Each structure stands twice: as C-alpha cells, then as structure tokens.
Amino acid sequence: MIELDKENLKVIRLDNGEIIFSKVIVTDKSKDNGYLELHWPMKVLMKFDDQTKTSQLALLKWLPFTDNTQIPLSTRSIQSVSDLGINYQDLYLNSVNEDNS
C-alpha cells in the first residue's frame with residue numbers, strides 16, 4: 001500500500017492544459033507500458049479576481065466519480081512534470097485528506 005506523504009509529490013501539466021497535483025510512482029511496469037501511477041490526483045483550479053487583483057486556488061478530485069485512489073496516466077498526454085513546490089505540499093495533503101474523509 002502506498003503511503004500518503006511528502007515523497008514523490010509532483011505537479012503535472014497535461015497537453016490539454018489541465019494542471020494536476022499528485023503523488024507519482026514510477027515502476028518497471030509503468031516504464032514498459034508508458035503509464036505513470038498517479039496516487040490521489042487532484043485537479044488545480046485557479047481564478048483571478050480583476051476587482052480585488054487576487055488569485056484563488058482550489059484542488060478538486062481529478063476523477064470525481066471513482067473511489068480509486070490510484071489512476072494510470074498515459075505519458076503521451078503529459079506536457080511537463082516537476083516536483084511540487086514546498087509551499088503547496090500541505091495544501092495538497094490537506095485537500096486529499098479532506099476528500100477522503
């Protein structure tokens with residue numbers, strides 16, 4: 001069982017423009033079949049308020065109609081992957097824990 005912790009947290013930009021925060025596991029199987037294992041993927045929604053000149057960020061379950069916490073993602077649909085910034089890690093972990101409760 002994969003543990004939800006701060007290891008291997010990534011920010012992923014898909015080729016359709018979506019941004020996902022997720023724990024990512026790369027295995028020999030995933031290398032062979034061209035899929036990454038996403039654990040607890042959360043879609044990033046950003047909104048800019050022109051009046052107050054502020055940005056708001058929300059995290060939502062990426063695939064809302066499933067109880068699965070592990071989702072395969074084809075590497076062909078990925079534009080870029082990077083480590084999730086330390087300032088966003090607690091937001092991500094808290095959002096996942098809130099969603100799971």
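**Exercise 1.** In which strand is Glu37 found? Then work out which residues distant in sequence surround Glu37.

*Solution.* In this predicted model, Glu37 is found in strand β3. Once its neighbours within four places in sequence are left aside, Glu37 is in contact with Lys23, Val24, Ile25, Thr27, Gln70 and Ile71. As a further step, take the pair Glu37 and Leu73, which are 36 residues apart in sequence, yet 6.5 Å apart in space from C-alpha to C-alpha.

**Exercise 2.** Check whether the span of helix α2 agrees with its number of residues, and then decide which residues of α2 are buried and which are exposed.

*Solution.* Begin with the length: helix α2 covers residues 86–100, and at 1.5 Å a residue its 15 residues should span 21 Å, which agrees with the 22 Å between its end C-alpha atoms. Next, the buried residues of α2 are Gln89, Tyr92, Leu93, Ser95 and Val96. Because they cover an arc of only 165° around the axis, they lie on the same side of α2. On the other side of α2, Asn87, Asn94 and Glu98 are exposed. Finally, the buried residues of α2 pack against four strands, namely β1 (9–14), β2 (19–25), β3 (35–49) and β4 (54–61).

**Exercise 3.** Determine whether Met46 is buried or exposed, and find the surface patch that Met46 helps to make.

*Solution.* Met46 is found in strand β3. Its relative accessible area is 61%, and since exposed means over 50%, Met46 is exposed. Together with Leu57, Tyr88 and Leu91, Met46 makes a nonpolar surface patch of about 370 Å².

Conventions: Residues are numbered from 1 along each chain as its sequence is written. This is a predicted model: local features need pLDDT of at least 70, side-chain atom pairs count only at pLDDT 80 or more; totals for chains, interfaces and linings use all residues. Side-chain values use heavy atoms; hydrogens and water are left out. Helices (H or I, at least four residues) and strands (E, at least two) are DSSP runs, numbered from the N terminus. The expected span of a helix is 1.5 Å times one less than its number of residues. Buried means under 20% relative accessible area, exposed over 50%, partly exposed in between (1.4 Å probe, protein chains only). The arc is that of the directions from the helix axis to the C-beta atoms. Contact means heavy atoms within 4.5 Å. Patches are made of residues with over 30% relative accessible area and no salt bridge: like charges are joined within 9 Å, nonpolar side chains (Val, Leu, Ile, Met, Phe, Trp, Tyr) within 5 Å. Accessible areas come from the Shrake-Rupley method with a 1.4 Å probe; for residues, only the protein chains shown count as cover. A salt bridge is a side-chain nitrogen of Lys or Arg within 4 Å of a carboxyl oxygen of Asp or Glu.
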